[in-house]
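Dear colleague,

I am handing over the structure we spoke about, and you will find it directly below. After it I have set out what was found, so that you can follow each point with the model open beside you.

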Amino acid sequence: MRHDSSASRQRHHESSGFQSKKAGSVTIAPAFLHGMTIFLAGLAAVGYLLVEADDDHSHFWMFANIVIQIGGMVGAGWYCRRVAKRLNSVPAVTPVLLVVMLFSYVWEGFERLFGENGHPFELLVMCSMKNVILALAAVGCWPRYQKMAAVSSLFIILFTLTMKPSIAVQIIVAIYVLVGVSWLSFSHWEALRARLLETQQAKRSYWRTGIAAVLIVGLLASVGMTDNQVTSALKGFMPSSGGTQHYDPFARGGVGDGDALVAATENIQSFAPIEEAPFRSSDQPSLYDVFDDTYEEPIVPKKTERAISLPMQVSKEVCKRIAKSKQANRQFSTLRQKNPKRKGHLKDLDSQAIFYVAGRVPLHLRMQVYDLYDGDQWYAEDLADPRRMQVREIKGKPWLEFVDRSKTYDIFSKPETHALKIANLDSNRIPAPPQAIGYHIDKLDRLDFIEQVQPDVIAMRRDKVPEMLPIHVISRRIDHDRIESKIDILGRLGGQSRYRVLPTISEMKQIKKLAQTWTKDDKHDWSKVETIVNRLRSEYTLDPNVIVSDPTQSPVAEFLLRTKRGPDYQFATAAAMMLRSIGMSSRVVSGFYARPDRYETRSRHTPVLTEDVHFWTEAYLGAGTWTTIEPTPGYEILKPPPTLLDRTIELAGFTLVWMQDHFVALLGVLFLAVMVYWSRFAIADAWWTWRWQAQEKSPLRSHVLATFDLVERRFRWCGIERPQGCTPGRWINSLPLSFEDRDQLRRLCQLVDWAAFSNTEQDLPSDFTKDRVENCCHEITTKWTLKEIRARFTPPAHQYSTDWHHRLWAFIQPSRQPTIEGKA
Amino acid sequence: MSPSKLVSPRRIHSAASNVDDVLNHDFCPWANKYVYWMKNPIWLLLASIIVSAICGFYLNTAVFGLTATLVVIALLGTFWPYVSIRGIDCRVEFDKSRTKVGQSIPVKLIVTNRWPWPIWGLNLQQGFFVENTSEDGVALRVISGWSQSEFIWDYAPTTRGVYPIDVPRVDTSFPFDLSRSSKAVVCDQQLIVWPKTTQLRTIPDASESNHSEDRFTDKRAGDFGEMIGTRTFRPGDSLRRVHWSQTARQGQLIVCEHQAPAMTAVRLIVDVSRKHHVINSNMNSLESMIETVASVCQSLHLQHAYVECQIGTQTYRCGESEASFRKLMDTLAKIPHSGVETTEATMRPASSSREAFTLLFTTDQAIDSGELATGSARMVVFNTQPTNGQALSSESTVRAWMTLNAADYSLDQLDDHWRRACHAA
């Protein structure tokens, strides 16, 4: 009994629902596509029912409706598929659809007349459309109706999401999108399936693939495996926010949705240093003062400080807006206030940091500037010549800015903004990065609220900077790489003499000599600075616990000349003294250091804690410009924003370093990958054999087909593929096998023919019984293992080229495309 | 009429069909060309994007998530094929340069993928298939990244002509069939598809027998070739032809009869004038005529007849040489599908062969128009009028040597028609 294999395959495909069928001249869509359409329509119907129920109906009502509607659709779909096989043309479905569409309106009329119950117009229209979609999905065995059902269901989903964006609906939409995309793709593939050709021969460029694989592994290694800056910069293109009753610790935006201190307007529980937050009454001294005449118990402030008076409309607008929200979104309820989890979490967060920095770090934030040093103590600098400030409006926001000095050197990068979100700063000074140009505090448009207390240090005219206040600062970075070429007049012009004053200590000569020794080979002033800083950073050790042991000694001298170990202020002092000793103007600055290792990738903020108080040095470049120098090891200066090239080089460097650090693990993974690749056919064989064994109890017909499928797979993994359109019997005949082997496999082919074309065991080939069939299958799968097939067929000489990489691959993968030259 | 008859299933079905016809009737077919582009799902997707964006703006911002998803799907469906097709180079090669309608020929498609990623769902339709329906063409499952793949498929052209008909193009609309991007396929060869033919076993009895030195016939006694029989001596017979052994045995002079030199020569005049043919979806008299002429030519050629075929102003002589036969069939293959513009003069038989056995292939429309100068030619008439079982028009009937109905033309029946005409001639 011989049959054409293509017919056999077609039958197999049809039985599994993976092939379009033709009844007469009408194409019937495959069952799985029809099923997907029914699923899409069912999702749309469930979504609609959720909107219609609107939490008013019971679960039973929902369940009953879902069961009736979807059950009806599935039943009708099953019936239509059965009918479609007998019909020679597409039946007249349109009148039925028309009736289904009108039914909703007619039923609505009855409901309003007799049941005194009804639906709003939009729900009625959507209900009608939903019913039509269910009917279309039921008749989706005919492709044109199927497409209409799938497309129309999208609009129902759209309606559902618009009306009720609850979690359940969002899950439905997500599933709908996944299934819809799959349906699109499968529909397209189904149209191609009948015309697909098999590759006859393929030449692959393995060396290029190999290079690409290595590059991808490198990129993954650098980007995806650690929580570094590169990773975090690539994350979060989309805000996962909403502020609607849903807590997500990984959210990047929205109030109450995450741990981030970010802007939103809906939930007062997450009140944080954000400008858009609504105003609330507090007993703390606020920066803002609003007249409130609501009938509530007034909150008496414990202390009164200078504040910005805001018009009454502000508080009215807040109330009005909330009222509006209440109408539009029924979710605005007191429920939020009952969520103790969020409250507690935010409180904990507030208690840790002095303030947060949003923007690039590391960042030095100036608080106090010192100019005179007497050998023991630094003295804070007085403000001799305050710079002029002005208020300028940029995009509707008031900015307090220094009147820009004339540019003397082209050493500045583009201005960049940092946002400081004050939490617990017990000072009225505003921490500011070096080269700050302007400040912005919401609604603060008057200069008399701030004052300059020291050069380049401004403070609010209050006891302390109010909590929860966001402050935006624009500053510029100095590109140190450009200084050497632009400036060779470091501190010699314009620098005031007090920045060059040296303390009268006995060791000063030694310090001066040391500085000269270090800088004797440097021609330019900036290179001298760099040398001193580098020597300090490399030869001295940061140790915050070291204190001066001998009070008779100058601490700086002891640090520089003897201990070579000390806290950061010793480094700063030493650097300043050494610079002054070679005639350069310098000063010491204290403030905060926003550490990059504290950067929180989830909130995208860097908290500054009390232990981040830091001292550093500034060198005078002339023309009123001070540049930060960092002599303390472990602390870095924020460089100008990197260009694309810089980022690329940094990424490459990071990748290399990471690979170097994880060399052994990487090698292990690579080895594992190669081993898995090497033995991929063995792994696949184990899996398919296990599957075959699991199906051993299945019906005889399936068992025979599964056996042949397994054997054919094994041959294919050894590179011997059954040509398209070749029957199993003919294929086995074409293989160079011994008489016994061929006879055994041909018996399996006979069974395959039986399994493909007959359902009853009475039709089994004459010398077969059920037990014999099972034995035959077992013997064949046991005998024709992957190893056995490989052993019988010699590997080929590579047919494409004699290039080394081809030969290498032929060696690596001996089972690839062997010639059929059996030993038998 | 009883109520049961009013609601009988047949009546309901009939009524439903009528309503269905009305609801699906194309009332303004002229507008189709303006609105058919909307059938592409990308426009529905764009419509849903716009609607969802409006809903997002005015009703609920949560819908923006769906908008973004739809935008991503639209962009993916548009740019994936656009980018994929730009990394593809295709070349088509034929194993042979000639074939016949319906006969398959292996065509090799070589595809090079320059992208590092695989490309799925390439489709080749244009250039090889007259009507690009969804069932025509071939599709390629996957082209691996940085690879060159070869595909061979058995191409069975359905119409005669020179292939590729147009510049062949591969296209892809993977993954969602939202947008289709295509690229020209390099094809340096031509495949000439001859018309479909059938074997005719008869030669017209009235066809002329020319003397030939290398062709002999058994049907006529002559002086050359093989001996075909014996007979009694007649005065005038050459003594060289006396069969002496038979003479001795029978006691009277017996002579041998040999083959006579003979060769069939047929002249065919083919009316391919556009105005004489009816070409529509139900009937194509030109194709029927070309298939008939090709069958006649091939059969006569196989029977060693000398064929002259006049197509338009060109006359093709086809003797023993295969080259001349190929040239004639190539010409038949290349006749435009819509016929050619001819003048009255081009349909006139050439004067040099007016005495030959001439068959004029034409249509009843040409005869009725009176534009044909047939002379002594016998006419093979293709009837383009619906007969409905009635006789043909009198003039066509009277003058036709063989009549064929273009409407229900079948090549399988040609041999039968031809045999009858040959014997009747």
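A convenient place to begin is strand 9 of chain A, where A:Ala380 is the bridge partner of A:Tyr370. Please keep in mind throughout that this is a predicted model. The strand facing strand 9 is strand 8 of chain A, residues 363–373, and the two pair in the antiparallel sense over 3 bridges.

Both strands belong to an open sheet of 5 strands in chain A, which runs in the order 9-8-19-21-22 with antiparallel pairing. Strand 9 (378–380) and strand 22 (625–629) of chain A are the edge strands, each pairing on one side only. On average, and with direction ignored, neighbouring strands of this sheet are turned by 45° against each other. Packed on the sheet is helix 16 of chain A, residues 568–581, which touches strands 8, 9, 19, 21 and 22 of that chain, and whose direction makes about 15° with that of strand 21.

The next point concerns the nonpolar cores. The largest has 64 residues, and those with the most contacts inside it are A:Tyr48, A:Trp142 and B:Leu66. Elements of both chains each supply at least two residues of this core, among them helix 3 (59–86) and helix 7 (167–193) of chain A and helix 4 (41–58) and helix 5 (63–85) of chain B. Helix 2 of chain A gives the largest share, 15 residues. If you would like one residue to look at here, B:Leu66 is in contact with A:Ile157, A:Leu158, A:Leu161, A:Val173 and A:Val177, its neighbours within four places in sequence being left aside. A second core, separate from this one, has 42 residues, including B:Cys309, B:Ala333, B:Leu359 and B:Leu404.

Turning to chain B as a whole, this chain has 11 helices and 19 strands, and 46% of its 425 residues count as buried. Its accessible surface comes to about 22100 Å², of which 54% belongs to carbon and sulfur atoms. Among contacts in chain B with a separation of 6 or more, 68% are between residues 24 or more positions apart.

Lastly, helix 7 of chain B (residues 285–302) is largely enclosed by the rest of the structure, because 17 of its 18 residues are buried. At 1.5 Å a residue this helix should span 26 Å, which agrees with the 25 Å between its end C-alpha atoms. Just after helix 7 of chain B, B:His304 takes a positive phi of about 65°.

With best wishes

Terms used
Residues numbered from 1 in each chain as written. Chains lettered and ligands numbered in written order. Predicted model: local features only at pLDDT ≥ 70, side-chain atom pairs only at ≥ 80, totals over all residues. Heavy atoms only, no water. Core = buried A, V, L, I, M, F, W, Y, C linked by side-chain atoms within 4.5 Å. Buried < 20%, exposed > 50% of the residue type's maximum accessible area, 1.4 Å probe, protein only. Helix = DSSP H or I, 4+ residues; strand = E, 2+ residues; numbered from the N terminus. Contact = heavy atoms within 4.5 Å. Areas by Shrake-Rupley, 256 points an atom, 1.4 Å probe, with all protein chains shown as cover. Pairing = 2+ DSSP bridges. Axes fitted to C-alpha atoms, helices over the stretch in contact; angles between N-to-C directions. Expected span 1.5 Å × (residues − 1).
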